[in-house]
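Me: I have a new structure open and would like to learn how to read it. Could you take me through it one feature at a time?

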Amino acid sequence: MFWYNMFTMVEIRQPIKRTSIEKKQKIITAGLKVFSEKGYYNTTTAEIAQIAGVSTGIVYNYFKDKKDILLHSLKQFFETAFAPILDTLKQYKLPFNFDNILREFIPLCLKAHIDNKKAHQEFVSMCMLDQDAGLLLRQMERNAIQCICEYLLSNGIDLPYLTEKTQIAYHIIEEYCHDVMFAKYSQTNFEIMFEEVIKIVKNIYVQ
């Protein structure tokens, strides 16, 4: 999976021992928790350290700064939410019934959004405000789309412009999830929207 050290950052300590790896993971998990509850700008590194059960000095052994923790937290959040969705998708084998697949796949995507609503809202906001966070999210989305394409190809779904079609499908489903989660439009009938999303996405793949 993509790792955001592609960005220009100072070198930080890379844990090797199990205890060090666990300590770093505790800091990332604590960051995810506090960012979700208080927001990035209302959170301090000291608060993250306290939740993680380490000193502030220990935090700086593993992370450059608070934004560094944010990026690690964003990566963990995305991968944790996407992994079970991809695992479920991989259970389907030929012959595909895209209608049935989408009726299970889309609610899974929606559940992943709703179960982590606060975190999702904060990370989406930060990805709009912070260039590095935005770049990281786009790269992880590209990886997710590529994983879906590889799965489809491995099952004989080799359509022209498969990547572009999957990217369109991905963003249609993502926007549907956002509309439902945030109830953007009070007059929207989301049951009808769900059916329309299935029709649109299915038509992308069924020629």
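Reply: Happy to; we will go from the whole chain to helices, burial, salt bridges, the surface and a pocket. Please keep in mind that this is a predicted model.

Me: Let's begin with the big picture. How many helices and strands are there in the chain?

Reply: A good habit is to list the helices and strands before looking at any residue. Here the chain has nine helices and zero strands. Read along the sequence, that gives the pattern α-α-α-α-α-α-α-α-α. For its extent, the C-alpha atoms fill a box of roughly 55 × 40 × 25 Å along the principal axes.

Me: What share of the residues in the chain is buried?

Reply: Burial is read from relative accessible area, and buried means under 20%. In this chain of 207 residues, 47% are buried.

Me: Can we look at one residue as an example? Is L70 buried or exposed?

Reply: L70 sits in helix α4. With a relative accessible area of 1%, L70 is under the 20% limit, so it counts as buried. L70 also shows how parts of the chain that are apart in sequence can be compared in space: L70 and F123 are 53 residues apart along the chain, and their C-alpha atoms are separated by 8.7 Å.

Me: Is there another pair I could try that on?

Reply: Try R142, which is found in helix α7. The C-alpha atoms of R142 and T163 are separated by 9.4 Å, with their positions 21 residues apart along the chain. R142 is partly exposed, because its relative accessible area is 46%, and partly exposed covers the range between the buried and exposed limits.

Me: Now salt bridges. How many are there by the rule used here?

Reply: To find one, look for a side-chain nitrogen of Lys or Arg within 4 Å of a carboxyl oxygen of Asp or Glu. By this rule the count comes to 10 salt bridges.

Me: Which residue does K33 meet in a salt bridge?

Reply: K33 pairs with E37, at 2.8 Å from N to O. Both residues lie in helix α1 (residues 18–38), four residues apart, which is about one turn of the helix. K33 is partly exposed at 41% relative accessible area, whereas E37 counts as exposed at 51%.

Me: Where else can I see that four-residue spacing?

Reply: Look at helix α5, where K111 and D115 are also placed four residues apart, about one turn of the helix. Their side chains meet in a salt bridge of 2.5 Å, N to O. D115 is partly exposed, with a relative accessible area of 49%.

Me: And what about K38 and E47?

Reply: The side chains of K38 and E47 meet in a salt bridge as well, at 2.3 Å from N to O. K38 is partly exposed at 37% relative accessible area, and E47 is partly exposed at 23%. Salt bridges can also join up: D99, R103, E195 and K202 are linked in a network of them.

Me: Let's turn to the surface. Which residues form a nonpolar patch there?

Reply: For a patch, look for nonpolar side chains that are accessible and lie together. Y41, M128 and L129 form one here, with about 430 Å² of accessible area together. M128 belongs to helix α6 (residues 117–129). At 71% relative accessibility, M128 is over the 50% limit and therefore counts as exposed.

Me: What should I look at in the loops?

Reply: Backbone angles are one thing to check. Y161, in the loop between α7 and α8, has a phi near 55°, a positive value in a residue other than glycine. Y161 counts as exposed, because its relative accessibility is 63%.

Me: Last, what is the volume of the largest pocket?

Reply: With a pocket, ask about its volume first, then about its lining. The largest pocket has a volume of about 720 Å³. Of the 36 residues that line it, F82, C109, H113, Y170 and E174 are the closest to its centre.

Me: Which helix supplies the largest share of that lining?

Reply: Helix α8 does, with eight residues. Helices that each supply at least two residues include α4 (66–89), α5 (98–115) and α9 (190–205). By class, the lining has 26 nonpolar, six polar and four charged residues.

Conventions: Residues numbered from 1 in each chain as written. Predicted model: local features only at pLDDT ≥ 70, side-chain atom pairs only at ≥ 80, totals over all residues. Heavy atoms only, no water. Patch = residues over 30% accessible without salt bridge, like charges linked within 9 Å, V, L, I, M, F, W, Y side chains within 5 Å. Areas by Shrake-Rupley, 256 points an atom, 1.4 Å probe, with all protein chains shown as cover. Buried < 20%, exposed > 50% of the residue type's maximum accessible area, 1.4 Å probe, protein only. 1 Å grid on protein atoms, 1.4 Å probe; cavity = no way out; pocket = protein on both sides within 12 Å on 5 of 7 lines; lining within 4 Å. Points joined across faces, edges and corners; volume = space filled by probe spheres on them. Nonpolar A, V, L, I, M, F, W, Y, C, P; charged D, E, K, R; others polar.
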